[in-house]
Amino acid sequence: MTDLRNPGMSSIPQTAPVHTDSTSPAVEMDPVEYTLRKRLPRKLPKRRNDVYVNMKTDFRAQLARCQKLLEGGGHREICVHGLGLAINRAINIALQLQASSQGALQLAANTSTVELVDDLEPEDPDEAGEPMTRTRNNSAIHIKVFYPDPQ
Amino acid sequence: MSAAKVKMRQKKMRNQPASVQYSTSSPLNGGDKPTTSKGGDGQSDARTSTERSKSSHHKGGWVRGHHKDGGGYAKEMPKYITAGAFARARAAEVSAMLKAVTKTTGSCHVFGALPKHMRRRAMSHNTKRLPHRLREVANRMREKSLQAGSKKKKEQAKSKSRKARRRHGNLLLAFNRRQRKNVWLETHIWHAKRFHMVKKWGYCLGERPTYKCYRPCYRAMSSHCLLQDLSYYCCIELQGEEHKLLASLSQLTSKEAGPTFAAALCLSGRRQGSVMVYRAGQYPSQPLGPVTFLWRPRTQDSTHRQLWIWAHPTLKLDLLPELQTVCQCCEAVLPPVVPVVTPAEVASTVESEPKPEKTPEAKKMTGTKRKRNHKDDSGPPAKKILGDGTRSPNTPVTWKSSSNGIVINDLTMEMVRYRLIGPQSHSVLAETLEAATDCDEMNKSQPSSLWWPEHCKDESKMNLHQQQADVFHILKGIYSTGELPSGTVLGLTVDDPRLTLPTKKVKALPCVKQAQEVDEEKSRELMLRGVPEHCCQSFLWEQSVRDNVTDNKISEQELNRMKSEVLVPGSRLSPTPLQGRVPILLVHQPGKQVGHEMSSWGAGWDVLLPKGWGMAFWVPLVYRGVRIGGLNMSLKHSQNKGAPHFPHDYPDCPAGVRFQEEQEVELLDKFKRRPPAKRTNYIKHGCLAPFCCPWQQLAEEWELIVREGGEERKEDSRTQSTTEADTEMEEMTSCQDVTMIKPPSRFTVLRNRKSVRLLSGWCRPSTSKGQRPCRVGEVPPLDRSAMRSFLTAHGMSVVWVRLTLLSKGKPELHAIVCVPTAEDLKLLKKERGSSGPQEPPHRDHFKSRIKSRKKSSKKSAATSQSSDKTEGKASDLPSASASDPNPTTSEDAKSSSSPSSDLVFGLWPDPLPSVSSHCSRVALGWVTQGDFSLSAGCGEALGLVSVSGLLNTLLNQPVEHRGMVLLRNPSSLQYRFAKINIEV
């Protein structure tokens with residue numbers, strides 16, 4: 001539901017040369033021979049107050065979900081995570097939350113780099129090729145939205 | 001007085017004594033209407049009669065009831081009574097009455113005489129529940145009824161007491177008898193207590209649990225773990241030189257349909273592969289079905305290889321002969337006599353150690369039951385582990401080839417296969433299984449018949465074991481099963497999981513702490529590369545080890561005894577018993593691999609175990625909080641994965657054809673069980689084949705439509721209009737005779753990877769909101785020439801598509817996939833959430849025929865005229881679109897149905913009219929699985945459509961609405977918009 005996911009570049013089999021952000025230049029690929037399959041980003045254990053933002057769910061629904069956690073859920077703080085394209089949206093959600101709380105909420109943002117794994121499946125007719133995996137990096141943001149302590 | 005009344009009177013008077021008579025003429029006759037002693041009715045009657053007697057209105061006969069116009073008994077009161085005559089007459093009456101009272105009719109029960117509060121349950125069965133005075137009579141009656149009944153009841157009476165039946169030996173005998181026809185899996189009894197069992201494919205399988213758990217099972221699959229017993233899958237082992245094996249197997253597969261047996265990674269034994277098998281050398285035309293296969297990793301530069309092919313039991317029947325022909329294995333090797341020897345020998349070794357001090361005790365204890373004990377010594381019937389639903393017990397299981405040295409071994413039911421589905425299945429495994437512990441020095445030194453101590457002596461084997469255990473340990477650190485490379489294989493030797501059985505059911509969760517402990521680098525390596533090749537080796541591959549492990553399994557009873565002797569109750573058995581080491585294979589199952597969304601949904605692990613250990617692993621797995629799914633869950637699993645399910649969705653395979661026939665019979669039976677007035681009238685719904693899809697006919701029709709269309713276009717190159725569907729229909733009807741002449745070739749499902757990919761590219765709307773247009777560049781644009789060249793290759797094919805409904809609606813089995821007309825698309829453009837067009841109701845002109853047939857069976861007169869009349873009426877239909885094909889169809893039907901006698905109300909009789917143009921929208925194909933998808937949140941269906949039809953449709957659709965079709969359930973008139981996706 002709230003997969004940490006990069007929707008624009010989700011796991012659509014594509015031929016390889018679309019991607020320019022390959023981290024391993026040593027691997028030379030023939031565009032015909034390989035099919036690209038992207039694996040899901042590594043999932044991390046999730047607490048109740050973690051919100052992973054994606055691009056598929058409606059923005060308002062994700063915002064409402066965060067609001068519910070803060071107000072009805074009784075959490076003092078929540079973490080909003082966004083990866084890749086969803087970074088923008090994660091920031092938007094956090095700012096909207098802050099604006100609607102009339103300054104009661106504070107934000108603390110962290111960025112990180114997430115390693116993603118791609119599978120390359122060979123399509124060659126003589127089937128000697130080994131499937132390859134390669135890793136690439138993508139940026140992520142983790143925004144802590146919290147009520148500051150009273151003192 | 002009518003004749004009936006006279007008759008009735010005679011009947012009434014039959015048992016009366018001769019002296020009793022009602023006569024009209026002579027009132028003297030003994031005064032048969034007594035004056036005073038009658039009930040109210042009689043009195044009033046008498047009164048009226050006396051009053052009426054003055055008018056002296058005599059009317060004859062004994063008439064029932066009260067008659068206003070002076071019926072009744074017009075008599076005068078006698079002036080005197082002769083005592084003797086009177087008494088004699090009464091005596092006759094009394095005796096008649098007594099006779100009537102004592103006589104019992106046939107169905108009368110003794111306890112009928114008892115008042116209600118004294119009746120008891122099952123009184124007629126157990127006469128002791130009756131009061132004593134009635135018992136004798138009841139006994140007599142019971143005997144009589146038993147004699148009257150057939151001899152079946154006597155047999156039943158002979159059956160043993162429950163206690164005797166439940167005795168272990170007898171129970172096993174009964175179990176063996178009951179699985180003679182349909183073999184049980186090892187977990188059968190567990191399942192039978194909790195599942196609705198079905199007899200399928202020669203096995204008894206759990207269909208669905210008796211409790212409600214559809215959604216919990218889905219949740220388990222998508223967030224925790226669902227467990228299934230897949231032991232009914234058949235394993236066929238091939239042994240031989242690598243190149244010879246590959247050479248013979250390559251005849252069965254084609255590289256065009258994806259990687260084959262020779263794929264490098266699978267060949268090394270590191271991955272499980274899956275492949276579609278065809279009849280030898282027949283690639284596109286005669287498919288058999290999908291199989292998964294596993295190569296044994298190479299042992300030091302030997303070319304002798306071992307391969308396991310796992311196939312569905314319905315597929316195995318076709319696959320095994322095919323394998324025998326391609327490998328030229330025709331010599332059946334008789335099963336060796338060895339298996340008989342080993343258990344005896346093993347039993348002696350097992351008993352030699354723990355038993356001696358135990359047995360005398362046991363004998364003393366059971367002294368009173370010596371007879372039984374003696375019988376046990378003679379040996380209770382062995383539990384039948386060997387068995388197979390797909391072959392008779394005494395057929396050979398091994399075939400050898402004299403020419404190329406390949407050996408085929410049928411390993412069906414030799415191994416247990418469990419499937420765990422879900423992102424947490426690895427943590428369930430990690431919690432349940434523990435890498436086998438080393439055995440201590442003392443055991444190592446002495447020779448043993450068990451396999452593990454022997455292995456412990458070998459340094460290299462222990463090294464390997466250590467490495468495998470390390471890999472397994474890393475497995476605990478990953479968070480989701482989907483993170484691993486798909487198809488990874490891991491060999492392992494584990495301890496008996498019964499030893500670590502928790503006392504309470506606990507949900508296995510990933511241990512976050514452990515994840516951090518585990519070396520990050522190693523887990524990354526595992527994620528990227530998978531398991532190193534040598535770690536894929538397992539001793540499960542070896543027949544001797546498998547047999548040894550199976551024969552030496554500690555029984556549950558023995559294990560419990562050992563547990564009870566532990567000093568601290570509940571603690572682990574300290575030196576793990578030597579028998580408790582089991583070689584297993586863990587095989588990763590890829591999740592959803594196709595499509596854009598929910599990728600790697602439903603990934604999981606398969607566990608392969610030696611036979612006999614099924615329950616020993618099942619219960620510990622269940623205790624880790626997994627859900628158990630039946631057959632219907634595997635269907636849902638593949639549906640959510642977007643993968644075809646065997647044999648449901650393989651209509652071109654022999655197993656699929658058989659399945660369809662069975663399904664048709666089943667559905668038709670269900671349909672016929674309803675009263676005709678309550679049935680869905682599929683004719684009125686315009687559904688030609690609600691139970692079985694005529695794929696062949698569909699493919700042929702579309703092939704013809706497209707060819708005709710092409711020719712016409714060549715002739716006058718007229719512009720493409722939106723009414724093409726209508727013109728095609730006309731063509732259809734005009735040239736139906738051509739189809740009959742044309743030699744029919746079999747339809748196939750399109751599996752050529754490249755073609756499917758091309759088609760998939762054409763299906764997508766080129767520019768839409770969510771998708772980037774950049775992908776269009778890869779696919780050559782769809783035009784007439786591209787289509788023609790595509791169709792020359794795959795004209796008679798159908799292709800697998802996934803349909804997603806745009807708004808509401810739940811597609812059902814055999815829902816029809818149709819082409820939307822231009823007006824429909826306009827409607828869709830105007831309002832996006834529109835519910836779609838409606839099919840005008842059809843006219844059922846078979847109804848009158850059924851009726852007339854019924855009539856004619858009663859009185860065979862003048863039916864043909866009436867039926868003709870109704871026929872004439874039916875032919876002018878209200879809808880203009882449907883009127884076109886109808887004259888031909890009704891003619892067809894008339895000519896066809898007159899000889900055939902099985903007209904079922906609401907179904908089209910057998911020779912179907914044109915399936916594609918029967919409704920107002922042209923049909924493309926049908927749905928084979930459809931449901932509300934919990935993962936997508938809307939109705940989703942998987943179906944097959946004709947390739948020619950699909951291409952033709954796509955070509956005529958505007959670019960922004962490419963791949964839009966209509967979907968209609970067989971029992972509904974409402975069309976729904978759906979989006980076609982072909983996923984590769």
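Start with chain B as a whole, in what is a predicted model: among its contacts with a separation of 6 or more, residues 24 or more positions apart account for 76%. Colouring chain B by secondary structure brings up 37 helices and 23 strands. Switching to a surface display, you are looking at about 50700 Å² exposed by chain B, of which carbon and sulfur atoms supply 54%, while 48% of the 984 residues of this chain count as buried.

Next, select L759(B), V799(B), L803(B), L950(B), L951(B) and I982(B), which touch the most other members of the largest nonpolar core, a set of 68 residues. Centre the view on L803(B) and, leaving aside residues up to four places away in sequence, display its contacts, among them V817(B), V927(B), E940(B), V965(B), L967(B) and K979(B). Another core, of 58 residues, lies apart from that one, and it can be found by selecting V416(B), Y418(B), V494(B) and A616(B), which are among its members.

Now move to the open sheet of six strands in chain B, which has mixed pairing and the order β13-β14-β15-β12-β4-β16. Its edge strands are β13 (489–495) and β16 (627–628) of chain B, each pairing on one side only. At the β16(B) edge, select β4 (residues 226–229) of chain B, which runs parallel to β16(B) and is joined to it by two bridges; L227(B) has I628(B) as its bridge partner there.

Finally, add the helices. Helix α19 (residues 459–475) of chain B packs on the sheet, where it touches β13, β14 (581–589) and β15 (604–610) of chain B, its direction making about 100 degrees with that of β13(B). Helix α22 (residues 543–551) of chain B lies across β12 (415–421), β14 and β15 of chain B, and runs at about 115 degrees to β14(B).

Notes
Residues numbered from 1 in each chain as written. Chains lettered and ligands numbered in written order. Predicted model: local features only at pLDDT ≥ 70, side-chain atom pairs only at ≥ 80, totals over all residues. Heavy atoms only, no water. Core = buried A, V, L, I, M, F, W, Y, C linked by side-chain atoms within 4.5 Å. Buried < 20%, exposed > 50% of the residue type's maximum accessible area, 1.4 Å probe, protein only. Contact = heavy atoms within 4.5 Å. Helix = DSSP H or I, 4+ residues; strand = E, 2+ residues; numbered from the N terminus. Areas by Shrake-Rupley, 256 points an atom, 1.4 Å probe, with all protein chains shown as cover. Pairing = 2+ DSSP bridges. Axes fitted to C-alpha atoms, helices over the stretch in contact; angles between N-to-C directions.
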